[in-house]
Amino acid sequence: MTVQISIPAQLLPHDGRFGSGPAKVRAGAVQTLADVAPAYLGTSHRRPPVKATIRRIRSGLRSLFSLPDGYEIVLGNGGSTAFWDIAAYGLIERRSRHAVYGAFGRAFVDVVRAAPHLRPADVVEAAFGEFVSLDPASGIDAYALIHNETSTGVMATPRRVPGGLMLVDGTSAAGAVPFDVEDVDAYYFSPQKAFGADGGLWITILSPAAIERSHRIAESGRSIPPFLSLTAAIARSRNDETVNTPALATLYLLDSQIGWLLDQGGVAWAARRCQATADRLYRWAGEVPYATPFVSDPSRRSPVTVTIDMTVDTQVLDTILRAHGILDTHSYRKLGRNQLRVGVWPATDPDDVERLIASIEYVVERL
Ligand SMILES: *Cc1c(COP(=O)(O)O)cnc(C)c1O
């Protein structure tokens with residue numbers, strides 16, 4: 001079925017990127033990348049200026065997250081998905097416990113289950129759209145949770161569970177949702193969400209306990225595929241390098257976004273902005289008859305990936321929005337719900353979200 005609806009140009013967002021990752025990349029960052037390209041893109045990653053970029057990323061993230069002494073920023077190739085394997089080989093000693101309240105939490109469990117040297121993962125699970133927290137248990141040396149479950153829009157608050165390393169997936173929260181660094185041992189993320197860059201990297205904050213654990217496991221004789229060696233990544237990162245060749249454009253855009261966030265007022269600024277924009281969407285969803293926030297507990301609603309169940313056909317809606325340059329408002333594919341999911345990141349202009357709402361209302365009134 002095709003529906004001919006033309007949204008008036010004056011209603012449309014100026015930037016139509018509302019995806020939950022990859023997410024909007026600031027035009028200014030792309031422009032400066034183009035400007036520096038002749039002396040940067042296509043140059044050695046073992047030389048300045050690329051090493052200087054990694055140095056700035058590492059020190060910028062230290063400032064952004066106010067890291068205490070002993071915590072380190074470590075990075076490598078492969079995104080958060082690769083870090084799950086790295087954690088399974090280099091951070092979990094024997095058995096981990098996982099809180100699962102969405103597809104990303106489940107994906108990490110699948111990685112751990114496939115690791116031959118680990119005992120089967122211990123899992124506590126909530127229905128999608130709800131939250132479950134982690135309690136301490138005996139025989140567990142690592143606790144895993146997702147700070148912001150991108151697939152469902154459920155947000156957690158990382159809290160230390162005594163007796164194990166805290167492995168926190170901050171992929172879609174880092175840079176936009178505050179947390180207490182003392183409550184995490186490995187807080188990992190990718191650059192293509194709040195950091196408004198391109199994908200391909202994993203970045204992690206490691207506590208002294210996590211660094212110590214990774215060395216102890218490496219020396220224990222466990223067979224670790226070299227590409228998944230966390231101790232190798234730590235050594236390279238300390239030298240402002242990665243184990244193998246990184247995407248230089250991604251590094252540049254990440255560095256640019258860290259500088260931009262620090263200039264704007266850091267994570268506190270980003271958190272206020274994202275929360276206010278997300279609240280606007282949740283309020284709207286509570287007001288119109290065809291929308292309902294998916295996460296019923298308001299305290300668990302994500303300030304960055306806003307999920308809204310709809311009674312109008314979101315496939316039709318998505319097609320019409322897409323034809324007008326409003327992109328990626330569809331729900332997480334494996335969730336299988338008639339749902340809108342809107343990424344509201346530090347780079348997302350709150351006025352564009354007002355325009356998104358106006359555009360959706362315009363379409364729904366004519367469907
Ligand atoms: C996007 C995302 C991932 C996967 O990140 P990649 O960079 O694609 O590996 C993992 N966890 C969460 C919570 C995410 O949002």
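# Reading ligand, core and backbone

Reader: Which kind of ligand atom lies 2.9 Å from a polar side-chain atom of Q192?

Author: An oxygen atom of the ligand. The model is predicted. T81 also brings a polar side-chain atom to a ligand oxygen, at 2.6 Å. S80 uses its backbone instead: an N or O atom there is 3.2 Å from an oxygen of the ligand.

Reader: How much of the ligand's accessible area does the protein cover?

Author: Take the area of the ligand on its own, 390 Å². The protein covers 86% of that.

Reader: How many residues surround the ligand, and which are the closest?

Author: The shell has 14 residues. The closest are T81, T150, D169, S190 and K193. By type, nine are polar, three are nonpolar and two are charged. Helix α3, residues 79–90, supplies the largest share, with four residues.

Reader: Now the interior. Why look for nonpolar cores?

Author: Because nonpolar side chains tend to be buried together in soluble globular proteins. Here the largest nonpolar core has 64 residues. L61, F65, Y101, Y187, F195 and L251 have the most contacts inside that core. Helix α7, residues 248–264, gives the most to it: eight residues. Another core, of 32 residues, lies apart, with W84, I86, A121 and A142 among its members.

Reader: Take one of those hubs. What is Y187 in contact with, beyond four places in sequence?

Author: The partners are H147, V168, G170, A173, A174, F179, I203, T204 and I205.

Reader: How do I judge single residues? Is M310 buried or exposed?

Author: Buried means under 20% relative accessible area. M310 has 6%, so M310 is buried. M310 sits in strand β11, residues 305–310. Beyond four places in sequence, M310 touches Y290, A291, L317, N338, Q339, L340 and I360.

Reader: And D122, buried or exposed?

Author: D122 is buried, because its relative accessible area is 16%. D122 belongs to strand β3, residues 122–125. Its contacts, sequence neighbours aside, are R95, S96, R97, H98 and I140.

Reader: Where is T329?

Author: In the loop between α9 (314–323) and β12 (339–343). T329 has a relative accessible area of 1%, so this loop residue is buried. Check the partners outside four places in sequence: F18, D318, L321, Q339, L340, R341 and L356. D318 is 11 residues from T329 in sequence, with 6.7 Å between the C-alpha atoms.

Reader: What backbone geometry should catch my eye?

Author: Most residues other than glycine have a negative phi, and most peptide bonds are trans, so look for the exceptions. Start with phi. D328 is not a glycine, yet its phi is positive, about 65°. D328 lies in the loop between α9 and β12. At 27% relative accessibility, D328 counts as partly exposed.

Reader: What is the phi of D240, and where does D240 lie?

Author: Phi of D240 is near 55°, again positive in a residue other than glycine. D240 is in the loop between α6 (230–238) and α7. With a relative accessible area of 9%, D240 is buried.

Reader: Which residues does a cis peptide bond join?

Author: G21 and P22, with omega about 0°. P22 is in the segment before α1 (27–40). The bond from P48 to P49 is cis too, with omega near 5°. P49 lies in the loop between α1 and α2 (50–64).

How values were computed
Residues numbered from 1 in each chain as written. Predicted model: local features only at pLDDT ≥ 70, side-chain atom pairs only at ≥ 80, totals over all residues. Heavy atoms only, no water. Near = heavy atom within 4 Å. Polar contact = N/O pair within 3.5 Å; in protein donor to acceptor, adjacent residues only side chain to side chain. Areas by Shrake-Rupley, 256 points an atom, 1.4 Å probe, with all protein chains shown as cover. Helix = DSSP H or I, 4+ residues; strand = E, 2+ residues; numbered from the N terminus. Nonpolar A, V, L, I, M, F, W, Y, C, P; charged D, E, K, R; others polar. Core = buried A, V, L, I, M, F, W, Y, C linked by side-chain atoms within 4.5 Å. Buried < 20%, exposed > 50% of the residue type's maximum accessible area, 1.4 Å probe, protein only. Contact = heavy atoms within 4.5 Å.
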